[in-house]
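Q: Please take a close look at one helix packing in this model. Describe how the two helices are arranged and which residues bring them together, and then set that packing in its surroundings.

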Amino acid sequence: MPVSGTHGVLFAASMLAFVVLFVGGLLAIFAADLRYIYGEPGVIAKVIRSPEIHAALWLSLWTSTVTVVLGLIFAIPMGYGLSRYRFPGHALVDSIVDLPIILPPLVVGLSLLVFFQTDFGKLIEATGLKFVFERKGIVLCQLLVSTSFGIRAIKLTFDGIDPRMENVAMTLGCTRAGAFFRVALPLAYRGIIVGGILIWTRAFGIFGPLMVFVGAVRMRTEVLPTTVYLEQSVGRIDVALAVAILMLLLATVALVAVRMLGLGQR
Amino acid sequence: MIRVENLNLVVGDPAGKGGSFALQNISLHVKPEEYFVLLGPTGSGKTLLLESLCGLNRIDSGQIVIDGVDVTLAEPRRRGIGYLPQDYALFAHKTVRGNIAFGLNSRSMAREIIRQRVVLLMDQFGVAHLADRYPQKLSGGEQQRVALARALAVEPKVLLLDEPVSALDEQTRDGICRQLRHLQQSTRTTAIHICHSFTEMLAVADRVGIIDQGQILQVATPQEVLHRPRNARIARFVQAGNLFTADARADGSWLRLTFAGGIGLSARREPGDRLEGEVFVMIRPESVRLGAKIFEHLEPETSLLEGTVDTVADLGPLVRIDVVCDGGAALVVSLGSKEYNDQSVRPGDRIYLAIAPQDVHVMSE
């Protein structure tokens, strides 16, 4: 938006002042972290060379990525269905979808642990699909905690797409599903990317439910956020902060890359 | 070409917040190559009916036949229709070329044939120079042309147009209406065009169906609707100008009408006409003769009134004159610009009005 005149400049400056305050505040906190680990020579090299941290990093990356794929498999049809169709109990279902956003993540881990003690939960594990204290459990926890963010973002995107475009597509030869895949889905791609980013960032950062449901076994179920928690709990603040900075760098690179690839201006 | 029999459809929940709306016993017959206009006020059910013809709403009962085929239960893609929705609904993720080619791609045609056909349509609709632009970068008129080309690309038997010019400015609207009419005639397509503008209907229609509150009130030619509306509701909608209640009394082949203030008029009485008692009377403003002196030659049974000019409003091609007749009734008279210049009527002038019996339209409801 072009800015002109004294009032225009003042208005834009007052809006952007909040951006400066917020981003500046975050950068100040990160700078303090960097300063802290700068005073502890060798800590970064120690973190980079540690095989445990390598394993946690790799586990964090692949579980978050699998969670995004699985999360989008649910979020796209759910977002579309909740946006386009009205049914009895629609408002209730819409609210239930948002529950994981409101609930403390720890509760999800606890509830999962209880669920897998029930007959149905035991039946699932009896099929060989084991989650409790297993790596698959990490994905399950991440999926339950983070998918709601994706569903919300994608539903809002479909809300903003005129259903008449799909109607026209159907008169031009598409089936209902064809209109979804050829019109609604391509039009929603930005919202889907945003939804994917939200799922990934949320999944990458959780550790509370993982501590309860899969534990923090080194080289097995330990992800980067768990490492930060464990290191600080034994007093190695410098290592915890170095891992946190590593997480920040990875997350920033991933977010910027996705934004540049997927959300470029048309 | 299009036959709709006893179509019924209820949408919404009668007990819900927004209530419900019903299309009731809609029956229509649109002839091949006819330009049919569905005219009705906002919220009358026009778009709902058009969407039902498209197959976008499953009707509760009734039958829809297009080109001799019962399509009541057919999917939209199997109805042989081209649909132009309000605001055009162009695909924002596709260029002009991609939008026009969309329906052809859906039919799995050879790529070269699609390319040739798209080029031909872009030339025909004057959008070839916009081929690689996205819809967001087009003007309203350009969007409309692209949407029309997209709808006609699949060579539909019927073109369904939902308020196709309502998003355009008045000057563009007139030109586009002429183009639509020309296009429909040159492609020999049957068209149903819905609108709420009376002048838009006059510009394009072979026949018109008046729709209100989910019911078809009258199907006729524009001239018939203009001069012989079936009831007072339609008369109001077609801007009757002069609509009164009167007391009617049969007198052989004439109806004697008495208005408030004791003013009397005569109207023709059709054979078998049972109109008597309280009736509605419509007199179109352009049918009233106006003169400063008493008229020398008048048809038999022409009613002659005297009155005073109240206001004169110059509307460009027409001049609207409000007259207060002796006895208190107010009458609107409409004159062409040239006719008005010859008369030179001013507010306060005493004038005579002549109303021929064939110009007095009497309605029972």
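A: In this predicted model, the crossing of α4(A) and α7(A) is left-handed. Helix α4 spans residues 90-102 of chain A and helix α7 spans residues 135-159 of chain A; their axes come within 8 Å and cross at roughly 125°. Because angles from 65 to 115 degrees count as roughly perpendicular and those over 145 as roughly antiparallel, α4(A) is oblique to α7(A).

The residues that form this packing can be named on both sides. From α4(A) come V97(A), D98(A), P100(A) and I101(A), and these meet L144(A), V145(A), S148(A), F149(A), I151(A) and R152(A) of α7(A). Sorted by class, the contact of α4(A) with α7(A) comprises seven nonpolar residues, one polar residue and two charged residues. An α-helix has 3.6 residues a turn, so residues three or four places apart point the same way.

Another helix of chain A is α3, residues 51-84. Its 34 residues reach 49 Å from the first C-alpha to the last, close to the 50 Å expected at 1.5 Å a residue. Even so, α3(A) bends by about 25° at L72(A).

Beyond the single chain, chain A also touches chain B, in a contact that takes 15 residues from chain A and 17 residues from chain B. On the side of chain B, the elements giving two or more residues are β6 (81-84) and α2 (96-106). Of these, α2(B) gives the most, with three residues. By class, that side of chain B has twelve nonpolar, three polar and two charged residues.

Note on methods. Residues are numbered from 1 along each chain as its sequence is written. Chains are lettered from A and ligands numbered from 1 in the order in which they are written. This is a predicted model: local features need pLDDT of at least 70, side-chain atom pairs count only at pLDDT 80 or more; totals for chains, interfaces and linings use all residues. Two residues are in contact if their C-beta atoms, placed from the backbone, lie within 7 Å. Helices (H or I, at least four residues) and strands (E, at least two) are DSSP runs, numbered from the N terminus. Ala, Val, Leu, Ile, Met, Phe, Trp, Tyr, Cys and Pro count as nonpolar, Asp, Glu, Lys and Arg as charged, and the others, Gly among them, as polar. Axes are lines fitted to C-alpha atoms, for helices over the stretch in contact, and angles run from 0 to 180 degrees between N-to-C directions. Angles under 35 degrees count as roughly parallel, over 145 as roughly antiparallel, 65 to 115 as roughly perpendicular and the rest as oblique. A crossing is left-handed if the near helix is turned anticlockwise from the far one by less than a right angle, and right-handed if clockwise. The expected span of a helix is 1.5 Å times one less than its number of residues. The bend at a residue is the angle between axes fitted to the seven residues ending there and the seven starting there.
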